[in-house]
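Biologist: Could you take a close look with me at the empty space inside this protein, and then at how some of its helices pack? I would enjoy a connected walk through both topics.

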Amino acid sequence: MIKSRRSFSFVLAMLMAFVLVLSACGGSKNNAEGNSNEPAAEAPVNLIWYTIGTPQQDVDKVMEAVSKYTLEKINATITMKMVDWGDYPQKMQVNVASGEPMDIIFTASGGFDYVQNARKGAFMEMDDLLEKYGKGIKDTIDPAFLEGSKVDGHNYGIPANKELPQENVWRFNKNLVDKYNLDISNVRSLESLEPLLKTIKEKEPNVTAFGMDKNFLPNLPFDYVIQNLPMAVKLDTTDYKIVNILETPEMKQALTTMHKYYEAGYIAPEAATTGSTNDLTTSGNWFTDMAQTQPLADNLWSASYGYPVVSTPASNSIINNNSVQGSIMAISANSEHPEKAMEFLNLLNTDPVLRNMVDSGIEGEHYKKIDDTHMENLPASKSYDMPSYSLGNNMLLYLNPNDQSDKWEQFKKFNAEGVDSPILSFNFDSTKVATEMAAVQNVKEQFWASLMTGTVDPEEYLPKAIEKFKEAGLDKVIAEAQTQLDAWRAANNK
């Protein structure tokens, strides 16, 4: 009996153990199923950002730091691909045509044309995205930028919150100005540069007296219907007539002066083919060039280059499509992550930590804080010297050492004082003349840069260019643009 009870007890114990095992297994299964009902963690996405500028040595290092921050904030990492200035429009056309993976694209009126590419379908219409994921942008950016960058009533990009008017200045390397005690106070016109250029050429033969790249355009009192194409309206127009600017006496005089300067050796022989003057500004081996300005711009340039830069006005302060649409971030039409891209753009335009990291690099390595609002570049900044205007809301940036504390208030005053171009917000639709536009662009590639930089003699090449543009159908394009401008003028009571 004792043996039987022991056998029974053993069997009972084994059965209980088995039940416990089954219960444990069942419990594990139930727990697993319970966890599966909870929302799965969203996998982080990588956003590919194409932007303009000389590729920087430390861009990947900085984007690694940026990605750590954005991963925490919006569960996304950032890959930035920089394309040099002169190569950007053509490279991006190829990328769009080939379906290259892209999420965020820098675009502008004068660089990978914003309006034309929006109409061609390169960018995603973002009205709904802006409303849902970009409320911070709408609360932060000057409304004039968002309104002025609409194409056919819709937003296709987020403009940089920066200077609103376009005002050109002559910039000078102050070391050379001081060295030869040069008076720049009366410099305004292109012709007024001549005695200064002559002095530098004679005394500093190895310095580029007049720096420029293939995108240089003499300053004239016109607003271009399409930037860098010979279709323009005079700023003081009363009849709103579009003219071939190559046929105007103003352009003829400017090109004659430019060729004179080129022949005198003031302009580098490779000006018509070089995509950037970054080497000159990095080395300080230049005397003057032309640039678009903003309040306290001299401080910005001086801090960036590591030596003093001063400037004088070269034009009036004009609000035109080129200034309103001068720096825009669009979302690629083939982006796989448009919502996340808009989240990033919203963060970039509202978060000072992210905006300054993208602009100036890693604190303690590329720059250091002086106080709560001011910073100064460290030597390593030469490996991450970015074009601030192309990277988002400038009014979040730290101030340079010599900047006044009210810098951004000065920006608001500067913006308020700009004068509207007569054709501000008119956007030409070239659909009906697409064939002619393609031919006109080809002629432009053949003649434009060499004429504008003074590389060729306008007495010989200007008539040739005018003839080739006409053969390509420029007159038909101008006629179509004039029809649209007249309709726009009537609709807007101009």
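Modeller: Gladly; what follows goes through the cavities, then a pocket, then two helix pairs. Please keep in mind that this is a predicted model.

Let's begin with the enclosed space. Searching the whole structure turns up two cavities of 30 Å³ or more. The largest cavity has a volume of about 160 Å³. Its lining is made of 16 residues, and those closest to the centre are Ser 109, Asp 113, Val 225, Ile 226 and Asn 321. Three elements give two or more residues to this lining, namely helix H4 (114-119), strand S7 (222-224) and helix H13 (321-324). H4 has the largest share, with three residues. If you are curious about the character of the wall, the lining of the largest cavity divides into seven nonpolar, seven polar and two charged residues.

The second largest cavity holds about 50 Å³ of space. You can find it in your viewer by selecting its lining: Ile 158, Pro 159 and Ala 160, then Ser 327 and Met 329, then Leu 345 and Asn 349, and finally Ser 390 and Gly 392. In this lining, five residues are nonpolar and four are polar, with no charged residues. The lining of the largest cavity, by contrast, includes two charged residues.

Now for space that is open. The second largest pocket contains about 240 Å³. It is lined by 16 residues, of which Thr 274, Ser 276, Thr 277, Asn 278 and Asp 279 are the closest to its centre. Strand S6 (208-210) and helix H11 (278-283) each contribute at least two residues to the lining of this pocket. H11 gives the most, with three residues. By class, the lining of the second largest pocket has five nonpolar, eight polar and three charged residues.

From the spaces, let's turn to the helices. Two packed helices are described by the angle between their axes and by the distance between those axes.

Take helix H2 (residues 59-74) and helix H15 (residues 352-360) as the opening pair: they pack at an angle of about 170°, and their axes are 10 Å apart. Angles over 145 degrees count as roughly antiparallel, so H2 is roughly antiparallel to H15. The crossing of H2 with H15 is left-handed. On the H2 side, the contact involves Val 62, Ala 65, Val 66, Tyr 69 and Thr 70, which meet Val 353, Leu 354, Met 357 and Val 358 of H15. Eight of the residues in this contact are nonpolar and one is polar, while none is charged.

The other pair is helix H10 (residues 249-263) with helix H18 (residues 458-472), whose axes come within 10 Å and cross at roughly 135°. H10 and H18 are therefore oblique to each other. Here the crossing is right-handed, whereas H2 passes H15 in a left-handed one. H10 brings Lys 252, Leu 255, Thr 256 and His 259 to the contact, and H18 brings Pro 458, Glu 459 and Leu 462. These residues divide into three nonpolar, two polar and two charged.

Setting the two contacts side by side, that of H2 with H15 has no charged residues, whereas that of H10 with H18 includes two. I hope that gives you a handy route through the model on your screen!

Definitions and conventions. Residues numbered from 1 in each chain as written. Predicted model: local features only at pLDDT ≥ 70, side-chain atom pairs only at ≥ 80, totals over all residues. Heavy atoms only, no water. 1 Å grid on protein atoms, 1.4 Å probe; cavity = no way out; pocket = protein on both sides within 12 Å on 5 of 7 lines; lining within 4 Å. Points joined across faces, edges and corners; volume = space filled by probe spheres on them. Helix = DSSP H or I, 4+ residues; strand = E, 2+ residues; numbered from the N terminus. Nonpolar A, V, L, I, M, F, W, Y, C, P; charged D, E, K, R; others polar. Axes fitted to C-alpha atoms, helices over the stretch in contact; angles between N-to-C directions. Parallel < 35°, antiparallel > 145°, perpendicular 65-115°, else oblique. Left-handed = near helix turned anticlockwise from the far one by under 90°. Contact = heavy atoms within 4.5 Å.
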